[in-house]
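Here's my note on this one, written as a few numbered points. Have the picture open while you read.

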Amino acid sequence: MQLSSLLGLLVASAASLASAATVQGRIAANQHLPDIHALPPTTLITLSAAGVSKKTHPGPEGRFEIKNVSEGAYLLEVWANTHIFSPVRIDILSADEAAAIAAKASTDEVTVAPEDIVVHQTFRANSFSNKGAKLPYPLTLRPSSQSSFYIPRESLNFKGLLSNPMLLIMIFMGAMMFVMPKLQEGIDPEELKKFQESGGAGAQIASNPLGALENFSMASFLAGQGGTAQQPKGPAVPIKQGGGKQGGRR
Amino acid sequence: MQWHTGLLSLLFALLLTFYKPVSAIYADEASVIDFHLAHVGTPRVSFLHAPVAGSGKLAYVGTEKNVIAAIGLKSGDLLWRQIVEGDLVDAKASGERIVVLSQSGTNVVLSAYSATQGHLLWSSPFLSQEAIEPSVSVSDVNAVLLTDGGLVRIVDLTDGTVAASWSGHDGITVYTNVTHTTDGHVAVVGTTSNIASSTLTTAILDARALALSEILVLDTIVTSPSDVLHLSPRLLIWKNGETLEYVTLGKAQVMELQAPANVGHARAFSSRTGRSILVQFQHSTTFYTVSAEDGSLVLKYTIQNPEGSDHCAYSAAESDEEYHTRSCIQGDVGRVEVFGVAEWGVVKSWRVDLADAHSTGHFGGVLAASSEIMTAVDGLVGRVLLVTVDGSIHLWRDSMPLWTRHESLAHTTHATFVDLPDPSVSKEVADEETHEGLSAFLKRVTRHIGEVHRLPAFFSGWAARFAQGEYEVSPTGISAAIARDTFGFRKFIVTGTEKGKLAALDTATGKVVWSQFYQGNAAVGLWTVRNASPDHPPVVAVLLKGQGTMDWLELNALDGTVVGSESWTGSFGAAFAIEGVQGPEDTLSVAVVSQEGALKVFPKDKGMQAISATFTGIRFAVTNGSSAVQGFELDATTASARSLWKIDFPSAEVIQSISAAGANHVASIGRVLGDRSVMYKYLHSHLVGIVTTDASASSVTIYLVDLARGTIVHQARHGDVDTTKTVSIELDENRVVYAFWSIGPSAGTQINVLELYEHEKPNQRLDPVPLDYVSRDVDLQPYVVGQAYRYPARISALATTQTRYGITKRDTVAFLPDLNMLVELPKSLLDPRRPKKDVKQMSTAEKEEGLIPYDPILPDERRWVISHKNEIFAVKDIISGPAYLESTSLVFAFGLDMFFTRVTPSQSFDKLSASFSKGQLLLTMIALCAAVALTSPMVRRKQLNALWGVQ
């Protein structure tokens, strides 16, 4: 009685072993994770498929294994608070499938030993059948980047402020305000008058857009009336006059 | 015209440079504006153990929440914790390893964690044939695991492999306990049920040669299988009728234990070395030592038990000498006594007052204890770890309380925000409002005169505030301990647990302010029924469910005192707040409906009035079985709930979750498009989302159900869904967000967003315009736009940020159980109107609406993580509440852990940024003044010259 039940149990466990594989791998250091011990012990490795959700954590050296995985295609992902990992696809093949693939890969000279676990790169939001590059097994996973949760506060930056072109223009204009009268003093009054007469038209054209800008009404623009209705009537004539007057005064 | 567009593009470019698409936490605000309470749950197993030989001891706990954790004894801080798979059955220490046994159904898992760091060293699953509770014993080199009621395996502690196994299955014997024996064997104890009587069967197995073989099988007759009293590496004690019998493991001779009293409620505890045994009888406690010669038990002494000895916890002290401790605590007060075995009687004792220690009280007595006795220069020093009935853990060093962990909060099921009283609105100010004319003026003048003494404090406060930039402090000069801050970030969060514990947390500190314990009850509802006013404190109401009894309690939210209560016998069906009757002085009305449909309303008169006054009636729905939903209407005249409608979903579908009803705090009834036309929102306050899954078809279906009429307004079905993984749903305003795990064509989490509008075309409303969707007799079908996205991580809880007026963007907060993180998913990305084209092809209207081109992939963007570096475990629910500032929303997640933070979905537009530099502003002003001072003589001269006509 006892022997038979024991035998039955052994047979049952042997049967379950035959169809189940163990997925082994390790998380390895790279430039994003120089020290493997920096990976938190709560890092989670999940193996998911329809109705299957197996979980494990990496050991102190980053090694992990997931036992009792039956045949099929799985998505293996690593979840760490500190790092980001890319997902991989794991196929646990049956003996026949493995032999078929090995036979296909074998050439006349070289025979390839059948492997029962095949790992491929996979891509999020792509069809799961869209496999990427084949990866070696046992798995070696490396983080693709580090987590960055925070953004720094922008503080007063004089260098950045000075490299702002708007500010540079303002400073230039401020400087010109002092420099221009000095320059004008050096010019012969007759020459200046001549210049103003000849360049008057150009100056008026140049002053015209500025006038348009002065008369531009943000409120009416936002109200959807646009500048088209006002522009032909409004700015052109008075500005011209104003501009001429100023020129005359100077 | 060209200038206009040029200017506009310039403005747009400027806006773009300032607009950050990603909102994230500022490094200087992390852990300042938020708090995280890491919990482990109520211990099922607790022991003190040194992780490295010769180092100080740590407390290890294995809890009801299936967490294994190490706690530092000095501070009470968590050193590490891990969630184990399945139900945690037992945890034991072996040197630098903590071995944990867990079980879920027939799947038994034995795993080992590093005692110092918490790394998983190995994990070995064992498929058991029957779901019988397994048992484990651990020695320095190996673990012995008993499963299936008779299968014994020796497991190597270095890698978890099975070194040897033995099966004791003979069809009639069920083995339940296993232990290593002091002479290196393994003993398994079980019962053999015969027709007439039960036999206690003990098998001693030789484990030395890494092969298990039977040495001795001992059968002794017992009256019932539960009579095994104690199994230690040395001894087995059991009850045989009115006597206690024992056997030294490995020997065949059964001996009778000298018992001083009747053995009815006896419990036995052996010391760590196993050389002494304490047996607690009903009225007395007896100490025995193990004889060195023949292993027999020698009675040393007996002492009387104190009154109420049911409230005592015994533990064998971790110590070089033989000591036992007894901690008897009734309510919050009691004594810890240390018993020696070498010497007679109590060698040390001290008083314990848990309420004194933290002035919050209400722990309900002691449940279990672990202790350590050390020999110091000035005598014995004892450290006792106490687990109280409410679930908290306390550590005492002699009569000094070292720390308390409020682990009862790990069982929280309900939480609500409570506004604190506004310190600037005093009772006098409120009183003034009631007067008119001269009397009001006189009252104000007298109040101002009375308040003059606060003026210096006000000025100094104002100056300090200006200097430090701490605008959250109010400069009133009134130092109220419990008061709202300027921006309303400080609130109380009142929580209720499944164990009957109520606790209030202060969001400013993250500490427990008060707690109440109602043993044997579970909180089934919690509401803030009245807000703070100058005359009244805020009031929370809790509905407690006991064994066939119901209790309604109203508590002052500021100090936890009970201000009203009612008890009745009955069942619990549903409870919900009745909307629309809350004024500043009014309390919120709550309806409680029993399973039989009997209605109770609190407060009675006002609530009933509210029900009668509601034009459409108050309606609600409950699940009826696994695939039907039934709708009811409250009837005030008969004080009952009347069944209105029932929806039977297809029988293969199982209801997974029902969302809360949507459409609250709506600021705008439409969505303005780029061309200034409006899409009118379908705002239905009686709409709920119901999720059903169909395992056979691998599908999930979302039903949007009109509660008032019992009609399905919209339904969406998705195939290729893994129905064994969580489906979450959140309904807010006119927007439904749900997430599930899809298996094809691509594997991963899919988030779907639906937005409901009144009409397909802009500027079109339903005809006629509905004032109330409920009262209509015809079906009002919404126009639904939806989009789907892929998100890298699994989602198990969803919530929407709520603000004061609802103008601010509503982001979705999600909990990621694999990453233990809370993320804030921007609404602009979860927007079903995102155009499926390139930026260049987008129309001006789409650009002006601020739409982002559709991309199916939402990135694993860690700057969205609002819990930043904290690992938040097992969140069950997330609630959101408004701050006083419109820009800010308060978010509180609870489950095993608790996490509170505040988020600004549209950036903090109504508050000066912390980086705002007052120095810079002052500098600019000074520079401008200087420039004016410098240029004004020049301008004056120029004007003068112009008048004189001088060049």
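**Notes on the model**

1. Let's start with chain A: of its 250 residues, 28% are buried (buried means under 20% relative accessible area, exposed over 50% and partly exposed in between, with a 1.4 Å probe and protein chains only). Keep in mind that this is a predicted model, where local features need pLDDT of at least 70, side-chain atom pairs count only at pLDDT 80 or more, and totals for chains, interfaces and linings use all residues. Residues are numbered from 1 along each chain as its sequence is written, chains are lettered from A and ligands numbered from 1 in the order in which they are written, and side-chain values use heavy atoms, leaving out hydrogens and water.

2. Staying with chain A, you'll find seven helices and 12 strands (DSSP runs numbered from the N terminus: H or I of at least four residues for helices, E of at least two for strands). Take the chain A contacts with a separation of 6 or more: 59% of them are between residues 24 or more positions apart. Contact here means heavy atoms within 4.5 Å.

3. Chain B comes in three pieces: domain 1 (131-256), domain 2 (653-916) and domain 3 (920-950). Those bounds come from an automatic or database domain assignment. Between the C-alpha centres of domain 2 and domain 3 of chain B there are 57 Å.

4. How many disulfides are there over all chains? Just one, taking a disulfide as a pair of cysteine sulfur atoms within 2.5 Å. Cys312(B) and Cys328(B) form it, with their sulfur atoms 2.0 Å apart. The pair links distant parts of the chain, 16 residues apart: Cys312(B) sits in strand S27 (residues 312-316) of chain B and Cys328(B) in strand S28 (residues 323-330) of chain B. The torsion about the S-S bond of Cys312(B) and Cys328(B) is about 105°, so this disulfide is right-handed.

5. Are these cysteines buried or exposed? Cys312(B) is buried at 4% relative accessible area, and Cys328(B) is buried too, at 13%. Cys929(B), on the other hand, is exposed, with 54%.

6. Last, the lining of the largest cavity, which divides into eight nonpolar, five polar and three charged residues. For that split, Ala, Val, Leu, Ile, Met, Phe, Trp, Tyr, Cys and Pro count as nonpolar, Asp, Glu, Lys and Arg as charged, and the others, Gly among them, as polar. A cavity is a set of points on a 1 Å grid over the protein atoms alone where a 1.4 Å probe fits but cannot get out, and lining residues have an atom within 4 Å of a point.
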